[in-house]
Amino acid sequence: MKLWGGRFTKETNQLAHDFNASLSFDQRFYRQDIDGSIAHVNMLAKQGIVTSEERFAILNGLEGIKSDIENGILEISPEYEDIHSFVEATLIERIGDTGKKLHTGRSRNDQVALDMKLYVRDEIAETDGLLSELLKVILRIMKENTSTYMPGFTHLQKAQPVTLAHHFGAYFEMFRRDRGRLSDIRKRMNSCPLGAGALAGTTYPLDRDFTADFLGFDEATRNSMDSVSDRDYIIEYLSALSTIMMHLSRFCEEIIIWNSNEYRFVELDDSYSTGSSIMPQKKNPDIAELVRGKTGRVYGALISILTTMKGLPLAYNKDMQEDKELTFDAIDTTNGCIALFTGMADTMTFNRDNMAKSAMAGFTNATDAADYLVNNGVAFRDAHGIIGQLVLLCLEKNISLGELPLDEYQKISPVFKEDIYEAISLETCVEKRLTKGAPGSKAMNAVIKECEAYLEEGKDE
């Protein structure tokens with residue numbers, strides 16, 4: 001069923017109809033479409049364009065349609081071209097010719113632009129809420145592991161000792177910035193396109209500020225051509241989702257490595273793992289691997305909409321219908337991945353002894369051994385060379401710096417004394433790092449306190 005057939009003398013080819021139709025995917029924002037229509041008819045009545053009786057009948061009809069869809073009483077029929085025509089045709093069927101007045105002063109162009117903005121705005125709030133829950137889990141792990149020593153890495157090589165709290169704190173910062181990006185996008189997109197018409201406004205005396213305020217927007221859009229052709233906010237949202245997925249993927253990569261037999265840093269809960277159909281000993285990190293894999297899917301949605309929009313002249317073009325399916329899929333994928341990752345992180349356990357042993361075996365305290373020499377009057381460049389010799393010696397003997405006898409230290413440099421072992425212990429190496437952002441417990445606890453305040457205040461900077 002179409003709302004535009006007056007100028008045509010032939011029916012649309014069925015294949016062309018199916019190719020053109022969007023109901024199969026845009027039906028998911030039926031609620032936003034009805035809410036936009038409710039705002040529009042209230043404004044029409046305020047402006048005297050429809051009577052109060054007509055307003056009452058249309059509002060009752062719209063509320064009934066929304067309720068019946070939500071309760072499963074009304075099925076969205078595939079015979080309609082899109083959700084807008086379904087809602088309007090159903091309204092006319094229920095209340096008669098009065099329903100035909102709903103579309104006064106409105107085009108499907110500004111209608112779909114409104115629906116998509118309302119939908120994305122709701123989904124931004126959903127994504128932000130999921131990130132907030134993830135941050136709570138990360139913060140809990142940070143608080144419980146300020147003294148859980150582990151190797152820090154560069155180039156995937158053991159570098160310097162840190163704590164699990166410090167490592168997870170890096171991801172806290174990433175996801176915190178992701179929330180900030182979502183907040184920025186919401187502020188920038190929060191202008192209402194309703195009333196822009198097809199591209200050039202309307203001759204009806206609409207009060208666009210009224211509908212903007214009614215729907216919770218900060219203002220009405222300032223240019224009607226831009227109103228119906230703007231998809232920047234979708235591109236920004238998909239970019240933010242891609243960044244979130246990149247952060248999740250990095251985190252998953254580390255968990256996959258930590259879960260390997262070679263590392264054994266973490267133990268994944270059975271509820272977030274799978275087994276092998278042939279190898280009974282296997283416990284696979286499938287959830288982490290799938291999150292890592294689905295990152296490309298979200299990237300694809302971003303590239304798709306960028307490519308779709310790059311050559312479009314003003315104002316609306318049907319190409320823009322392609323903004324929906326991939327956006328919906330990217331939203332579902334990202335939100336699902338955040339929720340699953342949160343559950344996986346919340347239930348995994350840490351093998352603290354293995355982490356500490358790995359840090360010691362990887363010479364992560366070599367820099368601190370060099371600092372020991374510097375603090376005892378040796379030039380740093382000389383100290384660097386001395387410790388390099390000691391590392392080679394340890395590798396030959398298959399021991400750590402902490403296990404090397406003092407006489408071996410003193411053969412290379414007489415500066416070494418018994419206190420070298422205290423100086424290169426994991427606790428000393430970590431705890432003496434007290435600058436802001438460092439892994440020492442004093443610095444770490446200050447960050448944790450700030451992170452707690454951030455979550456309690458509900459900031460999304």
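Let's start with Cys394: at 0% relative accessibility, this residue counts as buried, where buried means under 20% relative accessible area, with a 1.4 Å probe and protein chains only. Its sulfur lies 14 Å from the closest cysteine sulfur, in Cys429, too far for a bond. A quick word on what we're looking at: this is a predicted model, where local features need pLDDT of at least 70, side-chain atom pairs count only at pLDDT 80 or more, and totals for chains, interfaces and linings use all residues. Residues are numbered from 1 along each chain as its sequence is written, and side-chain values use heavy atoms, leaving out hydrogens and water.

Cys337 is buried as well, at 4% relative accessible area, and its sulfur is 7.8 Å from the closest one, in Cys252, again too far for a bond. So how many disulfides does a search of the whole structure find? Zero, taking a disulfide as a pair of cysteine sulfur atoms within 2.5 Å.

Now, friends, to helix α14, residues 366-375 (helices are DSSP runs of H or I, at least four residues, and strands runs of E, at least two, numbered from the N terminus). Its buried residues are Ala366, Asp368, Ala369, Ala370, Tyr372 and Leu373. Among the elements covering them are β2 (157-163) and α15 (380-397). After α14 comes Gly377, with a positive phi near 95°.

Last, α3 and α5. Which residues meet there? Tyr30, Asp33 and Ile34 in α3 meet Ile83, His84 and Val87 in α5, contact being heavy atoms within 4.5 Å.

Conventions
Buried means under 20% relative accessible area, exposed over 50%, partly exposed in between (1.4 Å probe, protein chains only).
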